[in-house]
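The following exercises concern helix packing, sheet order, a pocket and backbone geometry. Each task is followed by a worked solution.

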Amino acid sequence: MAVAQQTFDQLRTAGLADVDPQIADLLGRELDRQRGQIELIASENFTWPSVLEAVGSVPTNKYAEGYPGARYYGGCEVVDEIEELARSRAKELFGAEHANVQPHAGAQANMAVYFAVLSPGDRVLGLSLDHGGHLTHGLKVNFSGKLYEFHHYGVSRETMTVDYDEVLARAKEVRPKLIVCGGSAYPRTVESDRFREIADEVGALLMCDMAHFAGLVAAGLHPNPVAHCDFVTSTSHKTLAGPRAGFVLCREEHASKLDRANFPGMQGGPLMHGVAAKAVCFGVAMTEAFREYQGRVRANADALAATLTERGHDVLTGGTDTHLVQLDLRRTEWTGLAAQERLEECRLTANRNTVPFDERPPKIASGVRLGTPAATMRGFGEDDFREVAAIIGDALQDDADLDALRARAVALCDEHPLYPGFGGYTTFVA
(Lines give C-alpha, C1' and ligand atoms only; values in the text may rest on other atoms or scores of the structure.)
Protein backbone atom coordinates (compact mmCIF):
# COMPACT_ATOMS: atom_id res chain seq x y z
CA MET A 1 0.00 0.00 0.00
CA ALA A 2 1.39 3.45 -0.92
CA VAL A 3 2.18 5.61 2.10
CA ALA A 4 -0.18 8.35 0.89
CA GLN A 5 -3.06 5.88 1.15
CA GLN A 6 -2.26 4.63 4.63
CA THR A 7 -4.03 5.80 7.74
CA PHE A 8 -2.30 6.88 10.95
CA ASP A 9 -3.16 3.55 12.57
CA GLN A 10 -1.70 1.66 9.61
CA LEU A 11 1.52 3.71 9.65
CA ARG A 12 2.03 2.96 13.34
CA THR A 13 2.70 -0.70 12.57
CA ALA A 14 3.74 -0.65 8.91
CA GLY A 15 7.16 -1.85 7.84
CA LEU A 16 9.65 -0.20 5.53
CA ALA A 17 8.59 -2.05 2.40
CA ASP A 18 5.03 -0.79 2.89
CA VAL A 19 5.88 2.78 3.87
CA ASP A 20 8.75 3.46 1.47
CA PRO A 21 9.29 0.73 -1.13
CA GLN A 22 11.78 2.95 -2.97
CA ILE A 23 14.16 3.08 0.03
CA ALA A 24 13.51 -0.60 0.78
CA ASP A 25 14.56 -1.41 -2.78
CA LEU A 26 17.70 0.70 -2.50
CA LEU A 27 18.66 -0.99 0.77
CA GLY A 28 18.13 -4.36 -0.86
CA ARG A 29 20.34 -3.31 -3.76
CA GLU A 30 23.04 -2.18 -1.33
CA LEU A 31 22.87 -5.58 0.38
CA ASP A 32 23.27 -7.22 -3.03
CA ARG A 33 26.23 -4.96 -3.80
CA GLN A 34 27.97 -5.91 -0.57
CA ARG A 35 27.28 -9.58 -1.16
CA GLY A 36 28.46 -9.51 -4.77
CA GLN A 37 31.91 -7.94 -4.47
CA ILE A 38 35.06 -8.36 -2.41
CA GLU A 39 35.35 -5.50 0.08
CA LEU A 40 38.97 -4.43 0.50
CA ILE A 41 38.56 -0.90 1.87
CA ALA A 42 40.68 -0.97 5.02
CA SER A 43 38.34 1.30 6.99
CA GLU A 44 35.22 -0.76 6.28
CA ASN A 45 33.92 -3.97 7.75
CA PHE A 46 30.79 -6.10 7.94
CA THR A 47 29.37 -5.91 11.42
CA TRP A 48 27.76 -8.73 13.39
CA PRO A 49 24.02 -9.38 12.95
CA SER A 50 23.63 -8.70 16.68
CA VAL A 51 25.04 -5.20 16.18
CA LEU A 52 22.69 -4.56 13.25
CA GLU A 53 19.82 -5.56 15.54
CA ALA A 54 20.96 -3.17 18.28
CA VAL A 55 21.42 -0.27 15.85
CA GLY A 56 17.84 -0.68 14.67
CA SER A 57 16.42 -0.83 18.19
CA VAL A 58 14.08 1.30 20.31
CA PRO A 59 16.66 3.46 22.15
CA THR A 60 16.68 5.53 18.93
CA ASN A 61 13.48 7.02 20.42
CA LYS A 62 15.18 8.21 23.61
CA TYR A 63 16.81 11.56 24.37
CA ALA A 64 19.50 11.21 27.03
CA GLU A 65 21.52 14.41 27.17
CA GLY A 66 24.08 14.19 29.94
CA TYR A 67 25.61 11.09 31.47
CA PRO A 68 24.28 8.13 33.48
CA GLY A 69 22.81 9.40 36.73
CA ALA A 70 22.97 13.02 35.56
CA ARG A 71 20.58 13.33 32.64
CA TYR A 72 18.55 16.33 31.55
CA TYR A 73 15.55 14.16 30.66
CA GLY A 74 13.37 11.75 32.58
CA GLY A 75 12.87 8.12 31.69
CA CYS A 76 16.58 7.37 31.35
CA GLU A 77 16.87 4.54 33.86
CA VAL A 78 17.25 1.84 31.20
CA VAL A 79 19.53 3.75 28.84
CA ASP A 80 21.67 4.63 31.88
CA GLU A 81 22.29 0.92 32.32
CA ILE A 82 23.05 0.55 28.62
CA GLU A 83 25.64 3.32 28.67
CA GLU A 84 27.21 2.12 31.90
CA LEU A 85 27.54 -1.33 30.39
CA ALA A 86 29.17 0.08 27.27
CA ARG A 87 31.58 2.19 29.36
CA SER A 88 32.53 -0.63 31.72
CA ARG A 89 33.09 -3.04 28.85
CA ALA A 90 35.27 -0.55 26.98
CA LYS A 91 37.38 0.04 30.09
CA GLU A 92 37.75 -3.67 30.74
CA LEU A 93 38.53 -4.49 27.12
CA PHE A 94 41.35 -1.97 26.82
CA GLY A 95 42.43 -1.59 30.45
CA ALA A 96 41.42 2.06 30.58
CA GLU A 97 40.64 4.20 33.62
CA HIS A 98 37.82 6.11 31.90
CA ALA A 99 35.72 5.73 28.76
CA ASN A 100 33.34 8.05 26.94
CA VAL A 101 31.18 6.13 24.49
CA GLN A 102 29.05 9.02 23.24
CA PRO A 103 31.03 10.39 20.23
CA HIS A 104 29.09 9.83 17.04
CA ALA A 105 32.21 9.04 14.96
CA GLY A 106 35.99 8.98 15.04
CA ALA A 107 36.20 12.62 14.01
CA GLN A 108 34.04 13.59 16.98
CA ALA A 109 36.18 11.44 19.27
CA ASN A 110 39.27 13.37 18.20
CA MET A 111 37.39 16.65 18.46
CA ALA A 112 36.36 15.86 22.03
CA VAL A 113 40.00 15.38 23.05
CA TYR A 114 41.11 18.59 21.36
CA PHE A 115 38.27 20.53 22.99
CA ALA A 116 39.18 19.01 26.37
CA VAL A 117 42.83 20.08 26.51
CA LEU A 118 43.52 22.63 23.76
CA SER A 119 42.67 26.25 23.13
CA PRO A 120 42.40 27.69 19.62
CA GLY A 121 45.86 28.34 18.26
CA ASP A 122 47.63 25.75 20.43
CA ARG A 123 50.35 23.73 18.74
CA VAL A 124 49.84 20.05 17.91
CA LEU A 125 52.25 17.58 16.29
CA GLY A 126 50.82 14.71 14.24
CA LEU A 127 51.59 12.35 11.36
CA SER A 128 51.51 14.11 8.00
CA LEU A 129 48.37 13.31 6.04
CA ASP A 130 50.25 12.32 2.90
CA HIS A 131 52.35 9.94 5.01
CA GLY A 132 49.33 8.15 6.48
CA GLY A 133 47.74 10.60 8.93
CA HIS A 134 44.02 11.37 9.17
CA LEU A 135 42.21 14.53 8.09
CA THR A 136 41.46 15.32 11.76
CA HIS A 137 45.21 15.40 12.34
CA GLY A 138 45.54 18.89 10.90
CA LEU A 139 44.13 19.08 7.36
CA LYS A 140 43.86 22.81 6.62
CA VAL A 141 40.20 22.65 5.56
CA ASN A 142 39.24 20.43 8.52
CA PHE A 143 38.25 21.89 11.91
CA SER A 144 41.55 20.60 13.32
CA GLY A 145 43.62 22.60 10.87
CA LYS A 146 41.41 25.66 11.21
CA LEU A 147 41.36 25.82 15.01
CA TYR A 148 44.84 24.64 15.95
CA GLU A 149 48.40 25.18 14.79
CA PHE A 150 49.24 21.72 13.51
CA HIS A 151 52.77 20.66 12.67
CA HIS A 152 53.67 17.27 11.21
CA TYR A 153 56.27 14.54 11.27
CA GLY A 154 56.64 11.99 8.48
CA VAL A 155 58.17 8.65 7.60
CA SER A 156 61.69 7.88 6.47
CA ARG A 157 62.21 7.93 2.69
CA GLU A 158 64.37 4.81 3.03
CA THR A 159 62.12 2.65 5.24
CA MET A 160 58.72 4.36 4.81
CA THR A 161 58.26 3.95 8.59
CA VAL A 162 58.16 6.56 11.34
CA ASP A 163 61.61 7.87 12.24
CA TYR A 164 61.41 8.46 15.97
CA ASP A 165 64.57 10.55 15.98
CA GLU A 166 62.87 12.88 13.51
CA VAL A 167 59.74 12.96 15.67
CA LEU A 168 61.83 13.98 18.68
CA ALA A 169 63.62 16.65 16.67
CA ARG A 170 60.31 18.05 15.39
CA ALA A 171 58.83 17.96 18.89
CA LYS A 172 61.79 19.91 20.28
CA GLU A 173 61.42 22.43 17.46
CA VAL A 174 57.64 22.83 17.69
CA ARG A 175 57.12 22.36 21.47
CA PRO A 176 53.54 21.15 20.99
CA LYS A 177 50.94 20.99 23.72
CA LEU A 178 49.70 17.68 22.27
CA ILE A 179 51.32 14.95 20.17
CA VAL A 180 49.10 12.68 18.07
CA CYS A 181 50.21 9.22 16.98
CA GLY A 182 48.37 6.74 14.81
CA GLY A 183 46.81 7.30 11.40
CA SER A 184 44.62 5.97 8.62
CA ALA A 185 47.16 4.56 6.16
CA TYR A 186 50.15 3.45 8.21
CA PRO A 187 50.68 -0.34 7.97
CA ARG A 188 53.21 -0.79 10.75
CA THR A 189 53.03 -0.93 14.55
CA VAL A 190 52.41 2.39 16.28
CA GLU A 191 55.00 2.41 19.08
CA SER A 192 53.15 4.49 21.64
CA ASP A 193 55.81 3.82 24.29
CA ARG A 194 58.38 5.67 22.18
CA PHE A 195 55.93 8.51 21.56
CA ARG A 196 55.45 8.69 25.34
CA GLU A 197 59.16 9.21 25.85
CA ILE A 198 59.15 12.00 23.28
CA ALA A 199 56.07 13.64 24.79
CA ASP A 200 57.62 13.54 28.25
CA GLU A 201 60.84 15.08 26.98
CA VAL A 202 59.01 18.13 25.57
CA GLY A 203 56.27 18.32 28.20
CA ALA A 204 53.42 17.41 25.83
CA LEU A 205 50.25 15.42 26.27
CA LEU A 206 49.92 12.30 24.12
CA MET A 207 46.93 11.03 22.15
CA CYS A 208 46.81 7.84 20.08
CA ASP A 209 44.24 7.50 17.31
CA MET A 210 43.84 3.72 17.12
CA ALA A 211 40.72 3.77 14.94
CA HIS A 212 42.24 1.38 12.42
CA PHE A 213 43.90 -1.15 14.70
CA ALA A 214 41.65 -1.15 17.79
CA GLY A 215 40.44 -4.68 17.07
CA LEU A 216 44.01 -5.92 16.95
CA VAL A 217 44.70 -4.21 20.27
CA ALA A 218 41.64 -5.86 21.81
CA ALA A 219 42.90 -9.25 20.64
CA GLY A 220 46.45 -8.69 21.90
CA LEU A 221 47.93 -8.53 18.39
CA HIS A 222 49.07 -4.90 18.54
CA PRO A 223 50.62 -3.11 21.55
CA ASN A 224 47.98 -1.43 23.67
CA PRO A 225 48.48 2.36 23.62
CA VAL A 226 46.30 2.96 26.70
CA ALA A 227 49.14 2.49 29.19
CA HIS A 228 51.28 5.14 27.50
CA CYS A 229 48.78 7.78 26.40
CA ASP A 230 46.74 10.48 28.08
CA PHE A 231 43.98 9.85 25.53
CA VAL A 232 43.19 7.04 23.10
CA THR A 233 40.54 7.61 20.45
CA SER A 234 38.93 5.10 18.13
CA THR A 235 36.08 4.19 15.91
CA SER A 236 34.13 1.03 16.60
CA HIS A 237 33.45 -0.04 13.01
CA LYS A 238 36.83 -0.90 11.48
CA THR A 239 38.78 -3.84 12.91
CA LEU A 240 36.49 -3.81 15.97
CA ALA A 241 33.61 -4.79 13.64
CA GLY A 242 31.00 -2.79 15.53
CA PRO A 243 28.62 0.05 14.62
CA ARG A 244 29.75 3.18 12.77
CA ALA A 245 30.65 5.33 15.77
CA GLY A 246 33.47 6.56 18.00
CA PHE A 247 34.69 6.44 21.60
CA VAL A 248 37.47 7.85 23.77
CA LEU A 249 39.57 6.29 26.52
CA CYS A 250 41.61 8.41 28.90
CA ARG A 251 43.32 8.64 32.26
CA GLU A 252 41.09 9.46 35.20
CA GLU A 253 42.72 12.86 35.66
CA HIS A 254 41.31 13.94 32.27
CA ALA A 255 37.86 12.33 32.64
CA SER A 256 35.91 15.39 33.74
CA LYS A 257 37.38 17.64 31.05
CA LEU A 258 36.77 15.03 28.37
CA ASP A 259 33.16 14.45 29.35
CA ARG A 260 32.41 18.18 29.49
CA ALA A 261 34.08 18.70 26.11
CA ASN A 262 31.85 16.06 24.55
CA PHE A 263 28.65 17.22 26.30
CA PRO A 264 27.69 20.02 26.45
CA GLY A 265 30.75 21.27 24.60
CA MET A 266 30.34 19.43 21.32
CA GLN A 267 27.31 17.14 21.10
CA GLY A 268 23.76 17.11 22.38
CA GLY A 269 21.90 13.89 23.05
CA PRO A 270 23.87 10.71 22.40
CA LEU A 271 22.59 8.12 19.93
CA MET A 272 21.54 5.54 22.49
CA HIS A 273 20.81 2.83 19.92
CA GLY A 274 24.42 3.33 18.78
CA VAL A 275 25.65 3.17 22.37
CA ALA A 276 23.76 -0.12 22.79
CA ALA A 277 25.47 -1.42 19.64
CA LYS A 278 28.86 -0.36 21.02
CA ALA A 279 28.15 -2.33 24.18
CA VAL A 280 27.45 -5.40 22.02
CA CYS A 281 30.63 -4.77 20.03
CA PHE A 282 32.81 -4.50 23.15
CA GLY A 283 31.22 -7.61 24.60
CA VAL A 284 31.93 -9.63 21.46
CA ALA A 285 35.51 -8.30 21.38
CA MET A 286 36.18 -9.92 24.77
CA THR A 287 35.58 -13.41 23.40
CA GLU A 288 37.97 -16.04 22.14
CA ALA A 289 36.00 -16.14 18.88
CA PHE A 290 36.84 -12.48 18.29
CA ARG A 291 40.52 -13.11 19.00
CA GLU A 292 40.41 -15.93 16.44
CA TYR A 293 38.86 -13.54 13.91
CA GLN A 294 41.58 -10.95 14.48
CA GLY A 295 44.24 -13.63 14.07
CA ARG A 296 42.74 -14.44 10.68
CA VAL A 297 42.68 -10.74 9.77
CA ARG A 298 46.42 -10.55 10.45
CA ALA A 299 47.29 -13.79 8.67
CA ASN A 300 45.25 -12.75 5.64
CA ALA A 301 46.99 -9.37 5.48
CA ASP A 302 50.37 -11.10 5.46
CA ALA A 303 49.22 -13.48 2.72
CA LEU A 304 47.90 -10.58 0.63
CA ALA A 305 51.09 -8.54 1.02
CA ALA A 306 53.39 -11.49 0.35
CA THR A 307 51.54 -12.60 -2.78
CA LEU A 308 51.45 -9.09 -4.22
CA THR A 309 55.20 -8.83 -3.60
CA GLU A 310 55.84 -12.23 -5.21
CA ARG A 311 54.01 -11.01 -8.30
CA GLY A 312 56.36 -8.04 -8.58
CA HIS A 313 54.22 -5.32 -7.01
CA ASP A 314 55.60 -2.79 -4.56
CA VAL A 315 54.02 -2.96 -1.10
CA LEU A 316 54.73 0.01 1.14
CA THR A 317 57.24 -0.87 3.91
CA GLY A 318 57.54 -4.35 2.36
CA GLY A 319 54.59 -5.74 4.31
CA THR A 320 52.32 -5.01 7.24
CA ASP A 321 51.93 -5.43 11.00
CA THR A 322 48.20 -4.77 10.88
CA HIS A 323 45.17 -5.36 8.67
CA LEU A 324 46.29 -2.77 6.13
CA VAL A 325 48.33 -3.21 2.96
CA GLN A 326 49.36 -0.21 0.88
CA LEU A 327 50.05 -0.89 -2.80
CA ASP A 328 52.67 1.51 -4.20
CA LEU A 329 52.21 2.03 -7.95
CA ARG A 330 54.91 4.62 -8.60
CA ARG A 331 57.07 2.21 -10.62
CA THR A 332 54.15 1.41 -12.92
CA GLU A 333 52.05 3.38 -15.39
CA TRP A 334 49.01 3.06 -13.11
CA THR A 335 47.69 5.86 -10.94
CA GLY A 336 45.83 5.05 -7.75
CA LEU A 337 42.56 6.30 -9.28
CA ALA A 338 42.94 4.22 -12.44
CA ALA A 339 43.81 1.12 -10.39
CA GLN A 340 40.83 1.65 -8.09
CA GLU A 341 38.50 1.91 -11.08
CA ARG A 342 40.01 -1.17 -12.74
CA LEU A 343 39.65 -3.23 -9.57
CA GLU A 344 36.04 -2.13 -9.22
CA GLU A 345 35.38 -3.45 -12.73
CA CYS A 346 36.60 -6.80 -11.39
CA ARG A 347 34.31 -6.72 -8.32
CA LEU A 348 37.10 -5.68 -5.92
CA THR A 349 36.36 -2.54 -3.89
CA ALA A 350 39.38 -0.56 -2.67
CA ASN A 351 40.36 3.09 -2.44
CA ARG A 352 43.15 5.14 -3.94
CA ASN A 353 45.53 6.65 -1.42
CA THR A 354 48.61 8.80 -1.51
CA VAL A 355 51.92 7.19 -0.65
CA PRO A 356 54.67 9.06 1.20
CA PHE A 357 56.47 11.57 -1.05
CA ASP A 358 53.72 11.17 -3.65
CA GLU A 359 54.00 13.59 -6.54
CA ARG A 360 50.38 13.10 -7.56
CA PRO A 361 47.46 14.96 -5.94
CA PRO A 362 45.25 13.03 -3.45
CA LYS A 363 42.36 12.75 -5.92
CA ILE A 364 44.64 10.82 -8.28
CA ALA A 365 47.30 9.41 -5.93
CA SER A 366 49.93 6.76 -6.55
CA GLY A 367 48.73 4.08 -4.15
CA VAL A 368 45.83 1.80 -3.39
CA ARG A 369 44.92 1.06 0.23
CA LEU A 370 43.79 -2.51 0.89
CA GLY A 371 42.43 -4.14 4.04
CA THR A 372 41.44 -7.62 5.15
CA PRO A 373 38.76 -7.24 7.92
CA ALA A 374 35.61 -7.31 5.76
CA ALA A 375 36.49 -10.25 3.55
CA THR A 376 37.82 -12.10 6.58
CA MET A 377 34.42 -11.56 8.21
CA ARG A 378 32.90 -13.38 5.23
CA GLY A 379 35.18 -16.34 5.90
CA PHE A 380 38.03 -15.69 3.48
CA GLY A 381 41.21 -17.51 4.42
CA GLU A 382 44.84 -17.16 3.37
CA ASP A 383 44.38 -19.12 0.13
CA ASP A 384 41.42 -16.90 -0.74
CA PHE A 385 43.54 -13.79 -0.21
CA ARG A 386 46.29 -15.23 -2.35
CA GLU A 387 43.65 -15.53 -5.08
CA VAL A 388 42.56 -11.94 -4.37
CA ALA A 389 46.17 -10.82 -4.81
CA ALA A 390 46.37 -12.79 -8.05
CA ILE A 391 43.20 -11.12 -9.32
CA ILE A 392 44.68 -7.71 -8.47
CA GLY A 393 47.89 -8.58 -10.29
CA ASP A 394 46.05 -9.83 -13.37
CA ALA A 395 43.68 -6.85 -13.33
CA LEU A 396 46.56 -4.36 -13.46
CA GLN A 397 47.61 -5.55 -16.89
CA ASP A 398 46.77 -3.77 -20.13
CA ASP A 399 45.37 -6.94 -21.67
CA ALA A 400 43.36 -8.03 -18.61
CA ASP A 401 40.38 -10.32 -19.30
CA LEU A 402 37.86 -8.45 -17.16
CA ASP A 403 35.06 -10.97 -17.65
CA ALA A 404 37.27 -13.80 -16.43
CA LEU A 405 38.51 -11.76 -13.47
CA ARG A 406 34.95 -10.84 -12.46
CA ALA A 407 34.02 -14.51 -12.58
CA ARG A 408 36.91 -15.38 -10.26
CA ALA A 409 35.86 -12.69 -7.78
CA VAL A 410 32.21 -13.74 -7.89
CA ALA A 411 33.25 -17.36 -7.29
CA LEU A 412 34.97 -16.29 -4.06
CA CYS A 413 31.87 -14.36 -2.99
CA ASP A 414 29.63 -17.32 -3.74
CA GLU A 415 31.90 -19.60 -1.71
CA HIS A 416 31.69 -17.23 1.27
CA PRO A 417 28.17 -15.73 1.35
CA LEU A 418 27.51 -12.55 3.35
CA TYR A 419 24.60 -12.54 5.84
CA PRO A 420 23.19 -15.77 4.37
CA GLY A 421 20.23 -15.81 6.76
CA PHE A 422 19.19 -12.22 6.08
CA GLY A 423 16.26 -11.97 3.70
CA GLY A 424 15.99 -8.21 3.33
CA TYR A 425 13.53 -5.62 4.62
CA THR A 426 10.10 -6.90 5.55
CA THR A 427 7.01 -5.65 7.32
CA PHE A 428 7.31 -4.87 11.02
CA VAL A 429 5.31 -7.22 13.22
CA ALA A 430 3.40 -5.27 15.87
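Helices H8 and H9 are roughly parallel to each other, because an angle under 35 degrees counts as such. The model is a predicted one, in which local features need pLDDT of at least 70, side-chain atom pairs count only at pLDDT 80 or more, and totals for chains, interfaces and linings use all residues. Residues are numbered from 1 along each chain as its sequence is written, and side-chain values use heavy atoms, with hydrogens and water left out.

**Exercise 1. Helix packing**

Task: Describe how H8 packs with H9, H6 with H11, and H16 with H17.

Solution.
Step 1. Two packed helices are described by the angle between their axes and the distance between the axes. Helices (H or I, at least four residues) and strands (E, at least two) are DSSP runs numbered from the N terminus. Axes are lines fitted to C-alpha atoms, for helices over the stretch in contact, and angles run from 0 to 180 degrees between N-to-C directions.
Step 2. For H8 (residues 164-174) and H9 (residues 192-202), the axes come within 10 Å and cross at roughly 20°. The crossing of H8 past H9 is right-handed; a crossing is right-handed if the near helix is turned clockwise from the far one by less than a right angle, and left-handed if anticlockwise.
Step 3. H6 and H11 (residues 255-262) have axes that come within 8 Å and cross at roughly 120°. H6 is therefore oblique to H11, the class left after under 35 degrees (roughly parallel), over 145 (roughly antiparallel) and 65 to 115 (roughly perpendicular). H6 passes H11 in a right-handed crossing.
Step 4. H16 (residues 382-395) packs with H17 at an angle of about 160°, the axes being 10 Å apart. This makes H16 roughly antiparallel to H17, and their crossing is left-handed.

**Exercise 2. Sheet order**

Task: Give the strand order of the open sheet of 7 strands and of the open sheet of 4 strands, and identify their edges.

Solution.
Step 1. Two strands pair if DSSP finds at least two bridges between them.
Step 2. The sheet of 7 strands has the order S4-S10-S9-S8-S7-S5-S6, with mixed pairing. Its edges are S4 (98-100) and S6 (149-153), each with a single partner strand, so one side of each lacks a neighbour in the sheet. Neighbouring strands of this sheet are turned by 20° against each other on average, direction ignored.
Step 3. Within it, S8 (residues 205-209) and S9 (residues 231-235) pair in the parallel sense over 3 bridges, and Cys 208 stands opposite Val 232 in S9.
Step 4. The sheet of 4 strands follows the order S11-S12-S15-S14 with antiparallel pairing. S11 and S14 are its edge strands, each pairing on one side only.
Step 5. S14 is joined to S15 (residues 367-371) by 3 bridges in the antiparallel sense; Arg 352 stands opposite Val 368 in S15.

**Exercise 3. The second largest pocket**

Task: Characterise the second largest pocket by its volume and lining.

Solution.
Step 1. On a 1 Å grid over the protein atoms alone, a pocket is an open set of points with protein on both sides within 12 Å along at least five of seven lines, and lining residues have an atom within 4 Å of a point.
Step 2. The space in this pocket is about 630 Å³.
Step 3. Its lining comprises 30 residues, with Gly 133, His 134, Leu 135, Ser 184 and Arg 369 nearest the centre. H6 (106-117), S9 and S14 (351-353) are the elements giving two or more residues to this lining.

**Exercise 4. Backbone geometry**

Task: Locate the cis peptide bond at Pro 264 and the positive phi values of Thr 317 and Tyr 419.

Solution.
Step 1. Most residues other than glycine have a negative phi, and most peptide bonds are trans.
Step 2. The bond from Phe 263 to Pro 264 is cis, with omega near 10°; Pro 264 lies in the loop between H11 and H12 (272-285).
Step 3. Thr 317, with a phi of about 65°, is in the loop between S11 (314-315) and S12 (324-328).
Step 4. Tyr 419, with phi near 45°, lies in the segment after H17 (402-415).

Terms used
On a 1 Å grid over the protein atoms alone, a cavity is a set of points where a 1.4 Å probe fits but cannot get out, and a pocket is an open set with protein on both sides within 12 Å along at least five of seven lines; lining residues have an atom within 4 Å of a point. Grid points are joined across faces, edges and corners, and a volume is the space filled by probe spheres set on the points.
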